[in-house]
Amino acid sequence: MQGQMENAYYISIAGVAKQPAIDRLEQSKLHIVLAVDNDDAGQKCRDKNASLEYILPVHKDWNEDLQALNGDTAVNQ
């Protein structure tokens, strides 16, 4: 996926506890890729939606990945 140019929709569901939102997206027949946090809640979401593809941040969450890209050394400690 990384580096590919494609038409895509990026949809925030405001937390992995929003399973009804994930269910509605699945019904849309779109290709869905979960981008959840790299923590227990993210793992539970991946377990609950095992048929979906997913990507994970290197750090705990996507904000920490962005901070690390911008040189914020506190993230790497």
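This is a guided walk through the structure shown above, from its overall layout to a few of its residues. The model is a predicted one, so treat the walk as a tour of a prediction.

Let us begin with the whole chain. It holds 3 helices and 2 strands, and from the N terminus on these elements follow the order α-β-α-β-α. Of the 77 residues, 21% count as buried. The accessible surface of the chain comes to about 6,200 Å², and carbon and sulfur atoms account for 51% of that surface. Contacts tell us something about how the chain folds back on itself: among those with a separation of 6 or more, 22% are between residues 24 or more positions apart.

Now start near the beginning of the chain, with Gly 15. This residue sits in the segment before H1. With a relative accessibility of 37%, Gly 15 counts as partly exposed. Look across from there to Ala 41: the two residues are 26 residues apart along the chain, and their C-alpha atoms are separated by 9.1 Å.

Next comes helix H1, which covers residues 19-27. Which residues of H1 are buried? They are Gln 19, Ala 21 and Ile 22. Viewed down the axis of H1, these buried residues fall within an arc of 160°, so they line one face of the helix. That face has partners, too: the buried residues of H1 pack against strand S1 (33-35) and helix H2 (40-48). Turn to the other side of H1 and you will find Arg 24 and Gln 27, which are exposed.

Follow the chain just past H1 and you reach Lys 29, which takes a positive phi of about 70°. Leu 30 lies in the loop between H1 and S1, and at 44% relative accessibility Leu 30 counts as partly exposed. Leu 30 also belongs to a feature of the surface: together with Tyr 9 and Ile 11, Leu 30 makes a nonpolar patch of about 380 Å².

From here, let us turn to the charged residues. Side chains of opposite charge can pair when their charged atoms come close. How many salt bridges does a search of the whole structure find? The search finds 3.

One of the salt bridges joins the side chains of Asp 37 and Lys 60, at 4.0 Å from N to O. Asp 37 lies in the loop between S1 and H2, while Lys 60 lies in the loop between strand S2 (53-55) and H3, so the pair ties together parts that are 23 residues apart in sequence. Both ends of this bridge are partly exposed: Asp 37 has a relative accessible area of 26%, and Lys 60 has one of 39%.

Lys 60 also meets Asp 39 in a salt bridge, with a distance of 3.7 Å from N to O. Asp 39 is in the loop between S1 and H2 and Lys 60 in the loop between S2 and H3, so this pair ties together parts that are 21 residues apart in sequence. Asp 39, at 24% relative accessibility, counts as partly exposed.

Lys 60 forms a salt bridge with Asp 61 as well, where the closest N and O atoms are 3.4 Å apart. At 14% relative accessibility, Asp 61 counts as buried. Because they share partners, the salt bridges join Asp 37, Asp 39, Lys 60 and Asp 61 into one network.

Two other charged residues make a useful contrast with that network. Arg 46, in helix H2, is buried yet has no salt bridge. The nearest side chain of opposite charge is that of Asp 47, 6.1 Å away, whereas a salt bridge needs the nitrogen and oxygen within 4 Å. Which residues does Arg 46 contact, leaving aside its neighbours within four places in sequence? They are Val 36, Asp 37, Tyr 54 and Leu 56. Asp 37 has already appeared in the salt bridge with Lys 60.

The walk ends at Asp 65, in helix H3 (residues 62-69). Asp 65 is also buried and without a salt bridge; for this residue the nearest side chain of opposite charge is Lys 60, 10 Å away. Not counting residues up to four places away in sequence, Asp 65 touches Pro 57, Val 58 and His 59.

Notes. Residues are numbered from 1 along each chain as its sequence is written. This is a predicted model: local features need pLDDT of at least 70, side-chain atom pairs count only at pLDDT 80 or more; totals for chains, interfaces and linings use all residues. Side-chain values use heavy atoms; hydrogens and water are left out. Helices (H or I, at least four residues) and strands (E, at least two) are DSSP runs, numbered from the N terminus. Buried means under 20% relative accessible area, exposed over 50%, partly exposed in between (1.4 Å probe, protein chains only). Lys and Arg count as positive and Asp and Glu as negative; His and the chain ends are not counted. Contact means heavy atoms within 4.5 Å. The arc is that of the directions from the helix axis to the C-beta atoms. Patches are made of residues with over 30% relative accessible area and no salt bridge: like charges are joined within 9 Å, nonpolar side chains (Val, Leu, Ile, Met, Phe, Trp, Tyr) within 5 Å. Accessible areas come from the Shrake-Rupley method with a 1.4 Å probe; for residues, only the protein chains shown count as cover.
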